[in-house]
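Here are a few exercises to work through with the structure open beside you. Try each task yourself before you read its solution.

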Amino acid sequence: MNQLKYVFAAVLAAVLPLAVVSQDRVEAYGGVPDSVAAAAADTARADTAQAVPEPAWPLNVQRRIDGLVADGMFETTQVGLMVYDLTADSAIYCLNERQRLRPASTMKVLTAIAAIDRLGGSFQFHTSLCYTGSVADGTLTGDVYLVGGFDPRFNSDDMSAFVESVRSMGVDTIRGRIVADKSMKDARRLGEGWCWDDDNPVLSPLLISRRDRFMERFVDKLRSAGVAVEADTVEGRLPAGAFTMCTRTHTLDQVLMPMMKESDNLCAEAMFYQLGADLGARPATARHARRAERMLIEKVGLDPSDYKIADGSGLSLYNYVTAELEVRLLRYAYQNSNVYSHLLPSLPIAGEDGTLRKRMRGTFAAGNVRAKTGSVTAISSLAGYCTAANGHVLCFAIINQGLARGADGRAFQDRVCDALCRP
């Protein structure tokens, strides 16, 4: 009898806005579980026509998750949780989905989707070697410019290509200046709200192998290659009319994969500042990047003023978002093949790779869930996609806050994922 009450209430809540479901009719069938009511309310708010979900399947999922959130850990911690059925285009579980919480590295979901959407999948990170002046009798008389485009994957092979391009011009002596052009972004080396004692990446647009030693390495490699450097190293901007000797690039996907699979913070910040630069800002700042991300938040139908965005990686203590925002973004990506085709392959796969390689093994979620993890002190989060037993594609966001042990949050998230995937 109780099963029939829940099924009737679920169907009633799904097809009618909660505002018109009378209290008498709800009470007559045993009441609507909080999760069903919240999901139905979100469905009523959706901006597209909604399909009525099969009542038995979502009810089973809702009951499983209701049992998980009854755990005593939630007497002392907070959770924001939302599950959305992308196939039926309706929410099936909502709990504190509009509470502002710190996302940790699931902030990278916002950065990634904004970057793919705005920059395009064919975008490339550039670092260029240029010069002014003239070359005669093996001597370059003029200035050499190293122009940074905040490529986090520029490495020693790329530097060798720079040096080889100098040698291929027949240059064995440089007389002038060697200039570092870092004007792509501002001079701030750390993100807003980063802890001073954390393992923070250096936010310079001119890095080699992730280190701020570009100029030193360039000069050393030139000399090792037999090029005499009679020049001072300074900072400046590339002038109009300069000649390009070499440009090295890495694709958006080459940066996106470590950013998402391994939660690489430098790659995320490089992506974040590309958003600011794409607005035409020079130097690009975090404020410019945030403006680009707020434009995406408006595009998915939410109010950017409801959230606090400080950085692109989630390292900042000042980031505050909601599970609802992350789900809206995942839904937007799913509905836009140009975004989804780049985002989905970059997400860790449960039990197989990335930051999920050791999680959910031996469960129905293994090999199924593709999601971005997040972890900082007292915070654990997970946001991504999975396929339910009925074949429906789901997206979800879970943010646990106030944890004494991060493992408790991860265990809860893994159980929720298993609940979504099991028959």
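The expected span of a helix is 1.5 Å times one less than its number of residues. Keep in mind that the model is predicted.

**Exercise 1. Work out whether the length of helix 4 (residues 56-69) agrees with its number of residues.**

Step 1: Helix 4 has 14 residues, so at 1.5 Å a residue it should span 20 Å.
Step 2: The C-alpha atoms at the two ends of helix 4 are 20 Å apart, which agrees with that expectation.
Step 3: Now look at burial along the helix. The buried residues of helix 4 are Trp57, Pro58, Leu59, Val61, Gln62, Ile65, Leu68 and Val69.
Step 4: A general point helps in reading such a list: an α-helix has 3.6 residues a turn, so residues three or four places apart point the same way.

**Exercise 2. Find out which residues have the most contacts inside the largest nonpolar core.**

Step 1: The largest nonpolar core has 64 residues, and Ile113, Leu343 and Tyr385 are those with the most contacts inside it.
Step 2: Helix 5 (residues 107-119) gives the most to this core, contributing nine residues.
Step 3: There is also a second, separate core of 31 residues, and among its members are Val69, Phe74, Met360 and Ala365.

**Exercise 3. Decide whether His342 and Arg290 are buried or exposed, then list what each touches outside its own stretch of sequence.**

Step 1: Start with His342, which lies in helix 12 (residues 337-346). Its relative accessible area is 18%, and buried means under 20%, so His342 is buried.
Step 2: Leaving aside neighbours within four places in sequence, His342 is in contact with Ile116, Gly121, Asp253 and Leu256. With Asp253 there is a polar contact between the two side chains, at 2.8 Å.
Step 3: Turn to Arg290, in helix 10 (residues 286-299). At 13% relative accessibility, Arg290 also falls under the 20% limit and therefore counts as buried.
Step 4: Not counting residues up to four places away in sequence, Arg290 touches Glu192, Phe272, Ile309 and Ala310.

**Exercise 4. Explain why Cys246 is not bonded to its closest cysteine sulfur.**

Step 1: A disulfide needs two cysteine sulfur atoms within 2.5 Å.
Step 2: The closest cysteine sulfur to that of Cys246 belongs to Cys130, and at 9.6 Å it is too far for a bond.
Step 3: Applying this rule gives a count of zero disulfides.
Step 4: As for accessibility, Cys246 is buried at 14%, whereas Cys195 is partly exposed, with a relative accessible area of 29%.

Definitions and conventions
Residues numbered from 1 in each chain as written. Predicted model: local features only at pLDDT ≥ 70, side-chain atom pairs only at ≥ 80, totals over all residues. Heavy atoms only, no water. Helix = DSSP H or I, 4+ residues; strand = E, 2+ residues; numbered from the N terminus. Buried < 20%, exposed > 50% of the residue type's maximum accessible area, 1.4 Å probe, protein only. Polar contact = N/O pair within 3.5 Å; in protein donor to acceptor, adjacent residues only side chain to side chain. Contact = heavy atoms within 4.5 Å. Core = buried A, V, L, I, M, F, W, Y, C linked by side-chain atoms within 4.5 Å.
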